[in-house]
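Student: Could you take me through one part of this model in detail? I would like to look closely at a helix packing and what lies around it.

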Amino acid sequence: METRGARARRRITILGSTGSIGESTLSVLEHAGTLGEADFEIVALTANRNVEKLAEQARKFRPEFVAVADASMGDDLKAALAGTGIETGAGEAAVEEAALRDADWVMAAIVGAAGLKPTLKAAARGADIALANKECLVCAGEVVTKAIREGGGALLPVDSEHNAIFQVFDFDQPERVSRLILTASGGPFRTWTREAMGEATPAQAVAHPNWSMGAKISVDSATMMNKGLELIEAAHIFPVAHEKIEILVHPQSVIHSMVEYVDGSVLAQLGTPDMRTPIATTLAWPRRTPSPSEQLNFGKVSKLTFEDPDLVRFPALRLAREAISAGGIMPAVLNAANEIAVAAFLAGGIKFLDIAAISEQVLERTGRLNGPASLSTLEEVMDADANARAMAEECVAARAAA
Ligand SMILES: NC(=O)C1=CN([C@@H]2O[C@H](COP(=O)(O)OP(=O)(O)OC[C@H]3O[C@@H](n4cnc5c(N)ncnc54)[C@H](OP(=O)(O)O)[C@@H]3O)[C@@H](O)[C@H]2O)C=CC1
Ligand SMILES: CC(=O)[C@@H](O)[C@H](O)COP(=O)(O)O
Ligand SMILES: [Mn+2]
């Protein structure tokens, strides 16, 4: 890392810069930079297909390199940035090249298991990983945490619940933690009957009551699969057994999660539901930097309420608990099946309740076929992921044909 005077100049890459987390990250950087709080340069930005937004970001933030994962968009990207001197690339290898460039802080904000390989590339060369992409920990937790450990960088959790726990977790005495309490908003269908959920449309499912997020995670919040994935994510980030991780519905999304210690103390992190706060935390950690998020107004919030989750209306929570209890490839299988089912739901191919039903079917079929007991290599993860995707596609096709 290059230094100027007393302050470190950070070299930053954002994988998935055109998404909700990517844009929030650029907003935090711009805000901190304007205040003279951060001295940074952008090394690389990446997207899947959104050339227009990527080129606009590149013209503003002047990265060395930009890449799109979809190889067919390469010529458009090159044309959009002609004459700027910014290097461009296209295809999965180009996104991995972006991760390999020498940024010392990398925001992993690609959605889904597609983020796994680039995140591993950045981790292996020792970058600090600000991790929003929970799916890569769900499907390959052991592989990712090992790569970060061996690379020598830090794992900085961005997901709001994990970021909250990270801020109040005593890593010097983890055995003194009696419970992690992951809060969940309950999503847009918190009070809906199963019957009503059966007719829910994609537009209703992505209308999260508190957070503005990408489509996939918004649907995950509606099924509460998001909280299931976060349970598995937490078990990889913190040295706490999954049996000690509880889920608590908290509709206001003000308390972002809590840690209970053996003496009965419960420590929480609070804030408005704006991802720019956890992103700012990871950017400056262990120091603090300003974020443009709105301050919490307790008078306006007025009350904080809590409910136990309903595992019958939201079976995804049960599936995640079963997957992590079974271990091995099962979390990767759950993640892959869910990704296929969510995409099919958003495309109008299946109904809302089919998402968890298909995930359960794929888990059951895989269980009968017996995967390896532990997952230790990227190849095992990719195999499990590919098989589960193929099974889930069959389930989607069967429903479409019915
Ligand atoms: N949004 C939020 O508030 C939160 C998000 N997260 C997690 O952060 C991650 C990102 O979420 P979010 O920002 O909402 O998602 P978005 O859908 O808004 O953005 C996803 C980003 O990934 C890119 N992308 C999509 N598919 C691929 C691919 N196959 N290869 C490479 N890049 C790809 C997109 O590019 P393009 O624009 O071209 O499609 C975009 O830049 C997810 O894992 C989510 O669970 C966690 C906590 C909160
Ligand atoms: C902002 C964030 O971290 C999301 O994962 C959020 O938690 C989603 O809300 P739910 O609590 O409804 O899943
Ligand atoms: Mn979250």
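Tutor: Happily! Keep in mind that this is a predicted model. Let us begin with the pair α11 (225-237) and α14 (residues 315-326), whose crossing is right-handed. On the α11 side, the contact is made by Met225, Lys227, Gly228, Leu229, Leu231, Ile232 and Ala235; on the α14 side, Ala316, Leu317, Leu319, Ala320, Arg321 and Ile324 take part. Sorted by class, this contact has 10 nonpolar residues, one polar and two charged. The two axes come within 7 Å and cross at roughly 25°. Because angles under 35 degrees count as roughly parallel, α11 is roughly parallel to α14.

Now turn to ligand 2. α11 supplies at least two residues of the shell around this ligand, as do α7 (160-168) and α10 (215-223). Asp159, Ser160, Glu161, Ala184, Ser185, Gly187, Trp211, Ile217, Ser221, Asn226, Lys227 and Met275 are the residues around ligand 2. By class, four of the shell residues are nonpolar, five polar and three charged. Lys227 is among the shell residues and also among the α11 residues in contact with α14.

α7 deserves a look as well. Seven of its nine residues are buried, so α7 is largely enclosed by the rest of the structure. The buried ones are Ser160, Glu161, His162, Asn163, Ala164, Ile165 and Phe166; Ser160 and Glu161 also belong to the surroundings of ligand 2. The buried residues of α7 pack against α11, which brings us back to our starting helix, and also against β9 (155-157), β10 (177-184), β12 (255-261), β13 (266-270) and α12 (276-284).

Definitions and conventions: Residues numbered from 1 in each chain as written. Chains lettered and ligands numbered in written order. Predicted model: local features only at pLDDT ≥ 70, side-chain atom pairs only at ≥ 80, totals over all residues. Near = placed C-beta within 6 Å. Helix = DSSP H or I, 4+ residues; strand = E, 2+ residues; numbered from the N terminus. Nonpolar A, V, L, I, M, F, W, Y, C, P; charged D, E, K, R; others polar. Axes fitted to C-alpha atoms, helices over the stretch in contact; angles between N-to-C directions. Parallel < 35°, antiparallel > 145°, perpendicular 65-115°, else oblique. Left-handed = near helix turned anticlockwise from the far one by under 90°. Contact = placed C-beta atoms within 7 Å. Buried ≥ 20, exposed ≤ 12 C-beta atoms within 10 Å, placed from the backbone.
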